[in-house]
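Q: Please take a close look at one helix of this chain and at what it packs against. I am a first-year student, so explain the terms as you go.

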Amino acid sequence: MNTIRLAILAVCALFLLGMRAAPRVPMESLSPDEPLDYLKQGERLIALAVSPEQVRVGQQTLVLGVALNVNAGDAQGASSCCIALASTLGDSPDDARALWDLALMLDPSRLTAWAANRTDDAAQGARASAAECVRLARNADADAASALFNQPRVRDAIRASATMLGYDSTSILAEIEQMLKAPGRDPCRGQVFEAVVNDGVSTRVICDLHEYPISTARSGRLLTQLLAIEAECLGAMTLIDDWGGADALGLDRPMREPSVEWLLNRFGVDPQRAIWRNGRWSSQP
């Protein structure tokens, strides 16, 4: 048994030495003229990352690799960057799925890998939780809604659904977060009006604690958006037969395909600033 353990340790030691001896591209040597170096460096950074910040820089490197390889006409290289990036998004299954879609769009030869790796089970679970989170938020069940909203995969699913429907996802998430801070089922029970009795006379007055009734939203436009997100997350786009309802919720509009522009915005990088200097991306060599 000791001999086996020593052999395993020796193999591990050789593997680690091999990793250290492997040639690498220093971050400061990255150049837009060599787009494939961004794939190699991004994979290496993520493999050796010991902090969320290092993972983030590795992801940004891969995103720049996508854009730079597209600009260079290397669809296979860009697709490889998408696939490498998708493997880092375990907490964001919707984004990982979108990246596999983008990888296939860039390089149709990836069809077999796309079919094998673009699974929907985890994503559908996150989407169902996202729909429930929005419903609970509308119904002033702040504790249950917050428990879901605090999960990154649920927020990512809401963000992805809002983006697909053409809404401002940042604004939607901010509105939901604000709804979770609003008072819940107080004496007026979200009916906006409450009864006040003076000298035996009951008068209905506006409740000062609510801007809108429970199960609705701050405005009709926001309510429409939230209902559309719920419906989209539940796959109701294929279930609604009433054309008027589908039109009112915006469910008859085409879904937005993932794009390089979406990816750049998602990770906050600019292909014009693809040179690493002094711990940040720069446009200056």
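A: The answer starts with the whole chain and then turns to helix α4 and its surroundings.

This is a predicted model, in which local features need pLDDT of at least 70 and side-chain atom pairs count only at pLDDT 80 or more, while totals for chains, interfaces and linings use all residues. Residues are numbered from 1 along each chain as its sequence is written, and side-chain values use heavy atoms, with hydrogens and water left out.

The chain has 13 helices and 4 strands. Helices (H or I, at least four residues) and strands (E, at least two) are DSSP runs, numbered from the N terminus. Of the 285 residues, 39% count as buried. Buried means under 20% relative accessible area, exposed means over 50%, and partly exposed lies in between (1.4 Å probe, protein chains only).

Helix α4 covers residues 75–86. Its 12 residues should span 16 Å at 1.5 Å a residue, and the end C-alpha atoms are 16 Å apart, which agrees. The expected span is 1.5 Å times one less than the number of residues. Because 9 of its 12 residues are buried, α4 is largely enclosed by the rest of the structure. These buried residues are G77, A78, S79, C81, C82, I83, A84, L85 and A86. They pack against α2 (36–48), α3, α5 and α13 (260–267), where contact means heavy atoms within 4.5 Å.

Two packed helices are described by the angle between their axes and the distance between the axes. For α4 and α5 (residues 93–106), the angle is about 170° and the axes are 8 Å apart. Axes are lines fitted to C-alpha atoms, for helices over the stretch in contact, and angles run from 0 to 180 degrees between N-to-C directions. The two helices are therefore roughly antiparallel, a label for angles over 145 degrees (under 35 is roughly parallel, 65 to 115 roughly perpendicular, the rest oblique).

On the α4 side, the contact is made by A75, A78, S79, C82, I83, L85 and A86; on the α5 side, by A96, L99, W100, L102, A103 and L106. These residues divide into 12 nonpolar, 1 polar and no charged. Ala, Val, Leu, Ile, Met, Phe, Trp, Tyr, Cys and Pro count as nonpolar, Asp, Glu, Lys and Arg as charged, and the others, Gly among them, as polar.

Helix α3, another partner of α4, runs over residues 52–71. Its 20 residues reach 29 Å from first C-alpha to last, close to the 28 Å expected. After α3 comes G73, whose phi is positive, near 80°.
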